[in-house]
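This briefing sets out selected structural features for readers at the bench. The sequence and the model are shown first, and the points that follow are grouped by topic.

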Amino acid sequence: MAKKNRPGQTINGYTITEEINIGAMAIAYAAQGPRGDKVFFKQYKSPSVRKPWYHGFVAYQKKLKARIESTSVKNFTYEIIDFFEAKHGPVTFFEVFEFVDMGKNLENVLADVRKGLMTWEQRIILAKVMMSGIRILHKEKIVHCDLKPPNIQLFNDDSIVAGYRLKLIDMDFSIMEDEQAPWHGYENYVGSPNYFSPEHLRGQIPTAASDIFTCGLILHELLAGGHPYQSDDPNEYTIQVLDYAVPMPSLEQPMPKGNEAEVEQLIYRALDPDPNGRPSAKELLYALAGKSDGLPAAAPGAVAAVPPGPAAPLATFPARPAISREIPTPPAPAKEPVPAPGPPVEPEPLGRPDFYDRKRRPDSMGEKLYLINEHGEIPIKIRTVIGQHVLRGFGDDTRFWHAHQFIIEPL
(Lines give C-alpha, C1' and ligand atoms only; values in the text may rest on other atoms or scores of the structure.)
Protein backbone atom coordinates (compact mmCIF):
# COMPACT_ATOMS: atom_id res chain seq x y z
CA MET A 1 0.00 0.00 0.00
CA ALA A 2 1.40 3.40 -1.00
CA LYS A 3 2.06 5.80 1.86
CA LYS A 4 -0.01 8.96 1.44
CA ASN A 5 1.51 12.41 1.51
CA ARG A 6 0.17 15.27 3.59
CA PRO A 7 -0.10 18.97 2.72
CA GLY A 8 3.21 20.62 3.46
CA GLN A 9 5.35 17.58 2.67
CA THR A 10 8.07 18.11 0.04
CA ILE A 11 9.22 15.37 -2.33
CA ASN A 12 11.99 16.04 -4.84
CA GLY A 13 11.34 19.80 -4.67
CA TYR A 14 7.53 19.55 -5.00
CA THR A 15 5.46 20.62 -1.99
CA ILE A 16 2.04 19.00 -1.55
CA THR A 17 -0.73 21.58 -1.14
CA GLU A 18 -3.92 19.50 -1.50
CA GLU A 19 -5.09 15.93 -2.02
CA ILE A 20 -7.34 15.77 -5.10
CA ASN A 21 -8.42 12.13 -5.29
CA ILE A 22 -7.43 8.54 -4.56
CA GLY A 23 -7.86 6.14 -7.47
CA ALA A 24 -7.20 2.46 -7.98
CA MET A 25 -3.83 3.15 -9.62
CA ALA A 26 -2.63 6.43 -8.08
CA ILE A 27 -3.13 9.23 -5.57
CA ALA A 28 -3.42 12.70 -7.14
CA TYR A 29 -2.39 15.95 -5.46
CA ALA A 30 -2.04 19.61 -6.25
CA ALA A 31 1.52 20.69 -5.49
CA GLN A 32 3.83 23.67 -5.75
CA GLY A 33 6.83 23.22 -8.00
CA PRO A 34 10.39 24.46 -7.39
CA ARG A 35 9.58 27.71 -9.28
CA GLY A 36 6.38 28.29 -7.30
CA ASP A 37 4.11 27.05 -10.10
CA LYS A 38 1.04 24.92 -9.38
CA VAL A 39 1.36 21.37 -10.73
CA PHE A 40 -0.60 18.12 -10.83
CA PHE A 41 1.38 15.63 -8.75
CA LYS A 42 0.67 11.91 -9.15
CA GLN A 43 1.90 9.19 -6.79
CA TYR A 44 1.50 5.70 -8.26
CA LYS A 45 0.10 2.85 -6.21
CA SER A 46 0.28 0.59 -9.24
CA PRO A 47 2.72 -0.24 -10.59
CA SER A 48 4.58 -0.59 -7.33
CA VAL A 49 8.24 -1.52 -7.42
CA ARG A 50 7.19 -5.10 -6.64
CA LYS A 51 5.31 -5.42 -9.94
CA PRO A 52 7.23 -7.32 -12.64
CA TRP A 53 6.34 -4.59 -15.17
CA TYR A 54 7.34 -1.64 -12.95
CA HIS A 55 10.67 -0.83 -14.62
CA GLY A 56 9.12 -1.31 -18.06
CA PHE A 57 6.41 1.19 -17.12
CA VAL A 58 8.99 3.81 -16.10
CA ALA A 59 10.85 3.35 -19.40
CA TYR A 60 7.56 3.44 -21.35
CA GLN A 61 6.59 6.76 -19.76
CA LYS A 62 9.90 8.26 -20.89
CA LYS A 63 9.31 7.07 -24.47
CA LEU A 64 5.73 8.37 -24.46
CA LYS A 65 6.88 11.75 -23.13
CA ALA A 66 9.56 11.97 -25.83
CA ARG A 67 7.06 11.15 -28.58
CA ILE A 68 4.55 13.72 -27.36
CA GLU A 69 7.13 16.48 -26.99
CA SER A 70 8.74 15.85 -30.40
CA THR A 71 5.45 16.00 -32.35
CA SER A 72 2.41 18.23 -32.71
CA VAL A 73 0.63 16.06 -30.12
CA LYS A 74 2.16 18.43 -27.54
CA ASN A 75 -0.35 21.07 -28.70
CA PHE A 76 -3.28 18.82 -27.78
CA THR A 77 -2.38 17.51 -24.35
CA TYR A 78 -0.98 18.64 -21.03
CA GLU A 79 2.74 19.05 -20.49
CA ILE A 80 4.51 16.18 -18.76
CA ILE A 81 6.85 18.22 -16.56
CA ASP A 82 8.77 15.59 -14.64
CA PHE A 83 8.84 12.03 -13.37
CA PHE A 84 11.10 10.35 -10.89
CA GLU A 85 11.47 7.50 -8.44
CA ALA A 86 11.74 8.34 -4.76
CA LYS A 87 12.00 6.52 -1.47
CA HIS A 88 8.53 6.66 0.03
CA GLY A 89 8.57 3.61 2.23
CA PRO A 90 9.38 1.39 -0.74
CA VAL A 91 10.60 3.05 -3.95
CA THR A 92 7.62 4.81 -5.56
CA PHE A 93 7.14 6.31 -9.03
CA PHE A 94 5.92 9.92 -9.23
CA GLU A 95 4.85 11.92 -12.26
CA VAL A 96 4.29 15.67 -12.51
CA PHE A 97 1.96 17.28 -15.04
CA GLU A 98 0.84 20.74 -16.02
CA PHE A 99 -2.12 21.65 -13.79
CA VAL A 100 -5.17 22.06 -16.05
CA ASP A 101 -7.81 24.15 -14.25
CA MET A 102 -8.60 27.05 -16.54
CA GLY A 103 -11.19 25.44 -18.79
CA LYS A 104 -14.21 23.15 -18.74
CA ASN A 105 -14.26 19.51 -19.69
CA LEU A 106 -16.54 17.95 -22.26
CA GLU A 107 -18.66 16.39 -19.50
CA ASN A 108 -19.63 19.94 -18.43
CA VAL A 109 -20.37 20.80 -22.07
CA LEU A 110 -22.65 17.77 -22.49
CA ALA A 111 -24.56 18.81 -19.35
CA ASP A 112 -25.05 22.23 -20.99
CA VAL A 113 -26.20 20.52 -24.20
CA ARG A 114 -28.86 18.59 -22.27
CA LYS A 115 -30.03 21.86 -20.70
CA GLY A 116 -30.24 23.55 -24.11
CA LEU A 117 -27.46 26.02 -23.25
CA MET A 118 -25.22 25.26 -26.27
CA THR A 119 -26.04 26.43 -29.78
CA TRP A 120 -25.92 23.93 -32.64
CA GLU A 121 -22.99 25.83 -34.14
CA GLN A 122 -21.05 25.55 -30.87
CA ARG A 123 -21.72 21.82 -30.70
CA ILE A 124 -20.43 21.28 -34.24
CA ILE A 125 -17.31 23.34 -33.49
CA LEU A 126 -16.59 21.27 -30.38
CA ALA A 127 -17.05 18.05 -32.36
CA LYS A 128 -14.51 19.27 -34.94
CA VAL A 129 -12.06 20.38 -32.24
CA MET A 130 -12.24 16.94 -30.60
CA MET A 131 -11.70 15.04 -33.84
CA SER A 132 -8.85 17.34 -34.84
CA GLY A 133 -7.00 16.45 -31.63
CA ILE A 134 -7.69 12.72 -32.03
CA ARG A 135 -6.50 12.84 -35.64
CA ILE A 136 -3.14 14.28 -34.55
CA LEU A 137 -2.84 11.75 -31.72
CA HIS A 138 -3.42 8.83 -34.08
CA LYS A 139 -1.10 10.24 -36.71
CA GLU A 140 1.74 9.79 -34.21
CA LYS A 141 0.61 6.23 -33.40
CA ILE A 142 -0.63 7.04 -29.89
CA VAL A 143 -3.87 5.50 -28.58
CA HIS A 144 -5.45 7.33 -25.67
CA CYS A 145 -7.26 4.16 -24.44
CA ASP A 146 -9.37 5.99 -21.83
CA LEU A 147 -11.24 8.60 -23.83
CA LYS A 148 -14.32 9.93 -22.05
CA PRO A 149 -15.82 13.42 -21.69
CA PRO A 150 -14.00 14.28 -18.39
CA ASN A 151 -10.65 13.55 -20.09
CA ILE A 152 -11.26 16.14 -22.83
CA GLN A 153 -10.53 19.66 -21.54
CA LEU A 154 -11.66 22.70 -23.55
CA PHE A 155 -10.37 26.28 -23.38
CA ASN A 156 -11.76 29.40 -25.01
CA ASP A 157 -9.25 30.84 -27.48
CA ASP A 158 -10.40 33.69 -29.73
CA SER A 159 -7.06 33.63 -31.60
CA ILE A 160 -8.04 30.49 -33.57
CA VAL A 161 -10.96 29.93 -35.93
CA ALA A 162 -12.56 27.17 -33.85
CA GLY A 163 -12.66 29.43 -30.79
CA TYR A 164 -11.54 26.57 -28.54
CA ARG A 165 -8.33 24.74 -27.72
CA LEU A 166 -8.36 21.15 -26.60
CA LYS A 167 -6.20 19.27 -24.13
CA LEU A 168 -6.44 15.51 -23.72
CA ILE A 169 -5.61 14.50 -20.15
CA ASP A 170 -5.07 11.30 -18.14
CA MET A 171 -2.70 9.77 -20.67
CA ASP A 172 -0.26 7.93 -18.39
CA PHE A 173 -1.80 4.60 -19.42
CA SER A 174 -2.10 5.52 -23.09
CA ILE A 175 -0.21 3.22 -25.45
CA MET A 176 2.03 3.57 -28.48
CA GLU A 177 0.80 1.35 -31.29
CA ASP A 178 4.34 0.35 -32.24
CA GLU A 179 5.56 -0.26 -28.66
CA GLN A 180 3.97 -3.01 -26.58
CA ALA A 181 2.68 -1.76 -23.25
CA PRO A 182 4.73 -3.25 -20.38
CA TRP A 183 1.56 -4.18 -18.46
CA HIS A 184 0.31 -6.34 -21.35
CA GLY A 185 -0.43 -9.81 -19.97
CA TYR A 186 -0.35 -8.56 -16.37
CA GLU A 187 -3.12 -5.95 -16.18
CA ASN A 188 -6.16 -5.03 -18.23
CA TYR A 189 -5.98 -1.94 -20.42
CA VAL A 190 -7.39 1.15 -18.75
CA GLY A 191 -10.89 2.26 -19.71
CA SER A 192 -14.09 3.63 -18.15
CA PRO A 193 -17.65 2.29 -17.68
CA ASN A 194 -20.04 3.33 -20.46
CA TYR A 195 -17.02 4.24 -22.63
CA PHE A 196 -15.28 0.86 -22.98
CA SER A 197 -14.60 -0.04 -26.60
CA PRO A 198 -15.43 -3.53 -27.90
CA GLU A 199 -11.70 -4.30 -27.75
CA HIS A 200 -11.63 -3.48 -24.03
CA LEU A 201 -14.66 -5.71 -23.48
CA ARG A 202 -13.09 -8.60 -25.41
CA GLY A 203 -9.77 -8.33 -23.60
CA GLN A 204 -7.92 -7.28 -26.77
CA ILE A 205 -5.25 -4.62 -27.24
CA PRO A 206 -6.91 -1.24 -27.87
CA THR A 207 -6.01 0.45 -31.17
CA ALA A 208 -6.74 3.80 -32.76
CA ALA A 209 -10.08 2.28 -33.81
CA SER A 210 -10.89 1.81 -30.11
CA ASP A 211 -10.56 5.56 -29.58
CA ILE A 212 -12.79 6.08 -32.61
CA PHE A 213 -15.51 3.93 -31.01
CA THR A 214 -15.50 6.19 -27.95
CA CYS A 215 -15.50 9.27 -30.21
CA GLY A 216 -18.61 7.80 -31.83
CA LEU A 217 -20.31 7.62 -28.43
CA ILE A 218 -19.34 11.22 -27.63
CA LEU A 219 -20.39 12.53 -31.05
CA HIS A 220 -23.74 10.77 -30.57
CA GLU A 221 -24.10 12.60 -27.22
CA LEU A 222 -23.05 15.91 -28.71
CA LEU A 223 -25.06 15.88 -31.95
CA ALA A 224 -27.61 13.05 -31.96
CA GLY A 225 -29.59 13.20 -28.74
CA GLY A 226 -27.55 11.40 -26.10
CA HIS A 227 -25.43 8.35 -25.29
CA PRO A 228 -26.77 5.35 -27.26
CA TYR A 229 -25.61 2.69 -24.75
CA GLN A 230 -25.79 4.47 -21.37
CA SER A 231 -26.50 1.89 -18.68
CA ASP A 232 -26.04 1.36 -14.95
CA ASP A 233 -25.65 -2.36 -15.69
CA PRO A 234 -22.15 -3.08 -17.08
CA ASN A 235 -23.34 -6.41 -18.47
CA GLU A 236 -26.14 -4.75 -20.43
CA TYR A 237 -23.70 -2.16 -21.80
CA THR A 238 -21.44 -4.98 -22.97
CA ILE A 239 -24.30 -6.84 -24.66
CA GLN A 240 -25.55 -3.73 -26.49
CA VAL A 241 -22.08 -2.72 -27.67
CA LEU A 242 -21.17 -6.15 -29.03
CA ASP A 243 -24.63 -6.64 -30.57
CA TYR A 244 -24.35 -3.26 -32.41
CA ALA A 245 -27.73 -2.44 -30.84
CA VAL A 246 -27.95 1.13 -32.05
CA PRO A 247 -30.15 2.51 -34.85
CA MET A 248 -28.79 4.90 -37.46
CA PRO A 249 -28.25 8.20 -35.60
CA SER A 250 -30.43 11.17 -36.42
CA LEU A 251 -28.77 14.56 -36.02
CA GLU A 252 -30.84 17.04 -34.06
CA GLN A 253 -30.32 19.79 -36.65
CA PRO A 254 -28.97 20.07 -40.22
CA MET A 255 -25.25 20.34 -40.89
CA PRO A 256 -24.10 23.68 -42.38
CA LYS A 257 -23.04 21.97 -45.63
CA GLY A 258 -26.15 19.81 -45.85
CA ASN A 259 -24.29 16.51 -45.40
CA GLU A 260 -26.29 15.20 -42.45
CA ALA A 261 -26.62 11.73 -44.00
CA GLU A 262 -22.84 11.36 -44.33
CA VAL A 263 -22.22 12.46 -40.73
CA GLU A 264 -24.93 10.15 -39.43
CA GLN A 265 -23.49 7.20 -41.31
CA LEU A 266 -19.96 7.85 -40.06
CA ILE A 267 -21.11 8.11 -36.43
CA TYR A 268 -22.98 4.84 -36.94
CA ARG A 269 -19.89 3.19 -38.44
CA ALA A 270 -17.76 4.47 -35.55
CA LEU A 271 -19.88 2.26 -33.25
CA ASP A 272 -19.29 -0.91 -35.29
CA PRO A 273 -18.13 -3.77 -33.00
CA ASP A 274 -15.68 -4.72 -35.76
CA PRO A 275 -12.85 -2.17 -35.63
CA ASN A 276 -12.16 -2.68 -39.33
CA GLY A 277 -15.58 -1.17 -40.09
CA ARG A 278 -14.93 2.09 -38.25
CA PRO A 279 -13.87 5.31 -40.03
CA SER A 280 -10.66 7.16 -39.25
CA ALA A 281 -10.44 10.37 -37.25
CA LYS A 282 -9.68 12.16 -40.52
CA GLU A 283 -12.89 10.89 -42.16
CA LEU A 284 -14.96 12.05 -39.21
CA LEU A 285 -13.23 15.43 -39.07
CA TYR A 286 -13.67 16.09 -42.79
CA ALA A 287 -17.34 15.10 -42.70
CA LEU A 288 -17.99 17.42 -39.73
CA ALA A 289 -16.22 20.21 -41.63
CA GLY A 290 -18.23 19.48 -44.80
CA LYS A 291 -15.14 18.55 -46.82
CA SER A 292 -15.16 15.53 -49.11
CA ASP A 293 -11.35 14.96 -49.09
CA GLY A 294 -11.81 13.23 -52.43
CA LEU A 295 -14.54 10.94 -51.12
CA PRO A 296 -17.72 10.48 -53.16
CA ALA A 297 -20.28 13.17 -52.40
CA ALA A 298 -23.67 12.08 -51.13
CA ALA A 299 -26.66 12.70 -53.37
CA PRO A 300 -29.46 14.71 -51.74
CA GLY A 301 -31.21 12.44 -49.23
CA ALA A 302 -28.71 9.61 -49.74
CA VAL A 303 -25.92 8.27 -47.57
CA ALA A 304 -22.42 8.83 -48.86
CA ALA A 305 -20.46 5.68 -49.66
CA VAL A 306 -17.30 6.21 -47.68
CA PRO A 307 -14.60 3.62 -48.36
CA PRO A 308 -13.20 2.16 -45.14
CA GLY A 309 -9.55 2.65 -44.25
CA PRO A 310 -7.03 -0.18 -44.19
CA ALA A 311 -7.78 -2.95 -41.72
CA ALA A 312 -5.81 -2.82 -38.52
CA PRO A 313 -4.86 -6.18 -37.00
CA LEU A 314 -5.89 -6.84 -33.41
CA ALA A 315 -3.75 -8.12 -30.56
CA THR A 316 -0.58 -8.42 -32.60
CA PHE A 317 1.74 -8.54 -29.60
CA PRO A 318 2.59 -11.83 -27.86
CA ALA A 319 1.15 -12.15 -24.37
CA ARG A 320 3.49 -11.88 -21.42
CA PRO A 321 3.72 -14.86 -19.03
CA ALA A 322 0.77 -15.14 -16.65
CA ILE A 323 1.29 -14.33 -12.99
CA SER A 324 -0.18 -16.04 -9.97
CA ARG A 325 -3.42 -14.04 -9.76
CA GLU A 326 -4.41 -14.99 -13.29
CA ILE A 327 -5.91 -18.21 -14.61
CA PRO A 328 -3.00 -20.16 -16.16
CA THR A 329 -2.92 -20.28 -19.93
CA PRO A 330 -2.97 -23.85 -21.33
CA PRO A 331 0.35 -24.83 -22.91
CA ALA A 332 0.54 -24.45 -26.65
CA PRO A 333 0.43 -27.69 -28.67
CA ALA A 334 3.62 -28.99 -30.19
CA LYS A 335 4.49 -27.26 -33.41
CA GLU A 336 3.99 -29.09 -36.68
CA PRO A 337 6.58 -28.80 -39.47
CA VAL A 338 6.10 -25.49 -41.24
CA PRO A 339 4.80 -26.01 -44.82
CA ALA A 340 6.16 -24.05 -47.76
CA PRO A 341 4.62 -20.57 -47.90
CA GLY A 342 1.53 -20.30 -50.03
CA PRO A 343 -0.62 -17.39 -51.17
CA PRO A 344 -1.67 -14.98 -48.38
CA VAL A 345 -4.93 -15.83 -46.66
CA GLU A 346 -7.30 -13.04 -45.71
CA PRO A 347 -8.28 -13.14 -42.02
CA GLU A 348 -11.84 -14.03 -41.21
CA PRO A 349 -14.08 -11.10 -40.27
CA LEU A 350 -14.11 -10.42 -36.55
CA GLY A 351 -17.23 -11.80 -34.90
CA ARG A 352 -18.68 -11.34 -31.47
CA PRO A 353 -18.42 -14.13 -28.88
CA ASP A 354 -21.13 -16.78 -28.98
CA PHE A 355 -22.37 -15.89 -25.52
CA TYR A 356 -23.46 -12.46 -26.80
CA ASP A 357 -25.59 -13.90 -29.61
CA ARG A 358 -29.14 -12.67 -29.02
CA LYS A 359 -30.56 -15.79 -30.71
CA ARG A 360 -29.13 -17.91 -27.90
CA ARG A 361 -30.56 -15.81 -25.08
CA PRO A 362 -34.08 -16.60 -23.83
CA ASP A 363 -36.73 -13.95 -24.38
CA SER A 364 -37.62 -13.94 -20.69
CA MET A 365 -34.90 -13.03 -18.23
CA GLY A 366 -36.64 -15.22 -15.61
CA GLU A 367 -35.73 -15.13 -11.93
CA LYS A 368 -32.56 -13.40 -10.77
CA LEU A 369 -29.73 -14.61 -8.60
CA TYR A 370 -27.74 -12.23 -6.42
CA LEU A 371 -24.03 -11.98 -5.62
CA ILE A 372 -23.68 -10.50 -2.13
CA ASN A 373 -20.73 -9.35 -0.02
CA GLU A 374 -20.01 -6.58 2.45
CA HIS A 375 -19.97 -3.97 -0.36
CA GLY A 376 -23.51 -4.72 -1.50
CA GLU A 377 -25.26 -6.98 -3.97
CA ILE A 378 -25.43 -7.38 -7.75
CA PRO A 379 -28.45 -8.94 -9.52
CA ILE A 380 -27.41 -11.72 -11.92
CA LYS A 381 -29.59 -12.21 -14.96
CA ILE A 382 -29.89 -15.37 -17.03
CA ARG A 383 -26.67 -16.14 -18.91
CA THR A 384 -24.49 -13.46 -17.33
CA VAL A 385 -20.78 -13.07 -17.96
CA ILE A 386 -19.08 -12.66 -14.58
CA GLY A 387 -15.89 -10.63 -14.76
CA GLN A 388 -14.16 -7.40 -13.94
CA HIS A 389 -16.81 -5.07 -15.36
CA VAL A 390 -19.78 -6.70 -13.62
CA LEU A 391 -18.03 -6.94 -10.23
CA ARG A 392 -16.51 -3.45 -10.26
CA GLY A 393 -18.83 -2.42 -7.41
CA PHE A 394 -17.26 -5.03 -5.13
CA GLY A 395 -14.05 -3.07 -4.70
CA ASP A 396 -10.68 -2.33 -6.32
CA ASP A 397 -9.47 -5.94 -6.13
CA THR A 398 -11.85 -6.89 -8.95
CA ARG A 399 -9.53 -5.13 -11.42
CA PHE A 400 -7.31 -8.20 -11.15
CA TRP A 401 -10.04 -10.40 -12.62
CA HIS A 402 -10.34 -11.21 -16.28
CA ALA A 403 -13.02 -9.35 -18.23
CA HIS A 404 -14.78 -12.72 -18.74
CA GLN A 405 -13.98 -14.92 -15.74
CA PHE A 406 -16.91 -17.35 -16.09
CA ILE A 407 -20.57 -17.41 -17.13
CA ILE A 408 -23.69 -18.11 -15.06
CA GLU A 409 -26.50 -19.69 -17.06
CA PRO A 410 -29.56 -21.91 -16.33
CA LEU A 411 -29.31 -25.68 -16.68
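Glu199 and Arg202 join their side chains in a salt bridge, with 3.7 Å from N to O. The model in which this pair is found is a predicted one. The notes below begin with the charged pairs, continue with the sheet and its helix, and end with the aromatic residues and a residue of strand β10.

**Salt bridges around Glu199**

- Both Glu199 and Arg202 belong to helix α4, which covers residues 198-202, and they are three residues apart, about one turn of the helix.
- Glu199 and Arg202 are both buried.
- Glu199 also meets the side chain of Arg278 in a salt bridge, at 2.9 Å from N to O.
- This second pair connects distant parts of the chain, 79 residues apart: Glu199 is in helix α4, whereas Arg278 is in the loop between α7 (260-270) and α8 (281-288).
- Arg278 is buried, as is Glu199.

**Other salt bridges**

- The structure has 13 salt bridges by the rule applied here.
- One of them is formed by the side chains of Lys167 and Glu98, with an N to O distance of 3.7 Å.
- Lys167 is part of strand β10 (residues 164-168) and Glu98 is part of strand β6, so their pairing ties together parts of the chain that lie 69 residues apart in sequence.
- Lys167 has a relative accessibility of 11% and counts as buried, because the cut-off for a buried residue is under 20%.
- Glu98, with a relative accessible area of 24%, is partly exposed.
- Lys42, Asp170 and Asp172 are joined into one network by salt bridges that share partners.
- As a general matter, side chains of opposite charge can pair when their charged atoms come close.

**The six-stranded sheet**

- Six strands form an open sheet in the order β1-β2-β3-β4-β6-β5, and their pairing is antiparallel.
- The edges are taken by β1 (10-11) and β5 (80-87); each has a single partner strand, so one side of each lacks a neighbour in the sheet.
- Helix α1, residues 54-69, packs on the sheet and touches β4, β5 and β6 (91-98).
- The direction of helix α1 makes about 165 degrees with that of β5.

**Strand β3 and its neighbours**

- Six of the seven residues of β3 are buried, so this strand is largely enclosed by the rest of the structure.
- On one pairing, β3 meets strand β2 (residues 14-22) in the antiparallel sense over six bridges.
- Within that pairing, Ile16 is opposite Ala31 in β3.
- The connection from β2 to β3 is a hairpin of three residues.
- Strand β3 (residues 26-32) also pairs with strand β4 (residues 38-44), in the antiparallel sense and over seven bridges.
- Ala28 has Lys42 of β4 as its bridge partner, and Ala30 stands opposite Phe40 in β4.
- Lys42 thus appears in two settings, as the bridge partner of Ala28 and as a member of the salt-bridge network with Asp170 and Asp172.
- Five residues lie between β3 and β4 in their hairpin, and Gly36 in the turn has a positive phi of about 85 degrees.

**Aromatic residues**

- A search of the whole structure yields 22 aromatic pairs.
- One aromatic cluster is made up of Tyr44, Trp53, Phe57, Tyr60, Phe83, Phe93, Phe173, Trp183 and Tyr189.
- Tyr286 has Lys282 over its face, at 5.6 Å from the ring centre.
- Lys291 likewise lies over the face of Tyr286, at 5.7 Å from the ring centre.

**Leu166 in strand β10**

- Leu166 is located in strand β10.
- With a relative accessibility of 3%, Leu166 counts as buried.
- Beyond residues up to four places away in sequence, Leu166 touches Asn75, Phe76, Val129, Met130, Gly133, Ile152, Gln153 and Leu154.
- Leu166 and Asn105 are separated by 61 residues in sequence, and their C-alpha atoms are 9.2 Å apart in space.

How values were computed
Residues are numbered from 1 along each chain as its sequence is written. This is a predicted model: local features need pLDDT of at least 70, side-chain atom pairs count only at pLDDT 80 or more; totals for chains, interfaces and linings use all residues. Side-chain values use heavy atoms; hydrogens and water are left out. Two strands pair if DSSP finds at least two bridges between them. Helices (H or I, at least four residues) and strands (E, at least two) are DSSP runs, numbered from the N terminus. Contact means heavy atoms within 4.5 Å. Axes are lines fitted to C-alpha atoms, for helices over the stretch in contact, and angles run from 0 to 180 degrees between N-to-C directions. A salt bridge is a side-chain nitrogen of Lys or Arg within 4 Å of a carboxyl oxygen of Asp or Glu. Buried means under 20% relative accessible area, exposed over 50%, partly exposed in between (1.4 Å probe, protein chains only). Rings of Phe, Tyr and Trp (its six-membered ring) pair if their centres lie within 6.5 Å; planes under 30 degrees apart count as stacked, over 60 as edge-to-face and the rest as tilted. A charge sits over a ring if NZ of Lys or CZ of Arg is within 6 Å of the ring centre and within 35 degrees of the ring normal.
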